[in-house]
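Thanks for making the time this morning. I would like to walk you through one chain, beginning with a pair of its strands and then moving to its core.

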Amino acid sequence: MSVAMKLTGLLLLSVATLPSVAETMRCSDGTPVGMGRCTGQQLSAGVDLYATARSAQWQSVTGRVRFGSARVAKRAMAQGLGSVRLANGRWGRQVIAVRPDWRGRDYVGGRFDLPRLPENAHLRAELALMHGAPDRATLRYSVLAIVDGSERLLKQQQLSGKRVIRLDVDLSPWRGRALQLELRVERLFGSYPVTALWITPRIEAKE
């Protein structure tokens, strides 16, 4: 079985198991986020970005990326995986998997629309490459805030080989404000194209 066929099989595990936006993302009056019902309200609980990834805006250098597509052959892709094996051999659950295009210095980014953030909000996730990634493969992960049309880089991390990195990004400067948050992965020039993983990405109030 080819590598492409194996990867396609892994990707097909995901879409049917993703929970709905209404199950994980609610405003202060209990109404679901992402359905046009709570503009300007504040989150009452954490946000599961894995569960809401289908409603994010996914882009690459070559244009819009269709989230959930099983196409993997040399094109940018973004997909949700209920369970996947990491480069270090362990398993990750509730994973957003992205892969930049094989051509040039491509990226894949997903923009999430967030309502007003509570006090001490933090983005948390683990970063890893998918199992089978060669040691020489290197990707750059970035977290950006988009406020009033302007981008601000919050965190940037290069990752290669079998490393797993715990990500913790402080969003408290935007407490009480709505914003877009972008999760972006860039393939560095000359690096081998591999699949990047955002493991259990979520926004929660840090205790």
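β8 and β9 run antiparallel and are joined by 10 bridges, where strands are DSSP runs of E with at least two residues, helices are runs of H or I with at least four, both numbered from the N terminus, and two strands pair if DSSP finds at least two bridges between them. Within this pairing, A145 stands opposite R152 in β9.

I should say early that this is a predicted model, in which local features need pLDDT of at least 70 and side-chain atom pairs count only at pLDDT 80 or more, while totals for chains, interfaces and linings use all residues. Residues are numbered from 1 along each chain as its sequence is written, and side-chain values use heavy atoms, with hydrogens and water left out.

The two strands belong to an open sheet of 6 strands with antiparallel pairing, in the order β3-β2-β6-β11-β8-β9. Because β3 (63–64) and β9 (150–160) stand at the edges with a single partner strand each, one side of each has no neighbour in the sheet.

Turning to the interior, the largest nonpolar core (buried Ala, Val, Leu, Ile, Met, Phe, Trp, Tyr and Cys residues joined through side-chain atoms within 4.5 Å, buried meaning under 20% relative accessible area with a 1.4 Å probe, protein chains only) has 42 residues, and W58, L123, W198 and I203 have the most contacts inside it. β8 gives the largest share of this core, 5 residues. Apart from it lies another core, of 9 residues, including L86 and A97. Across the chain of 207 residues, 50% are buried.
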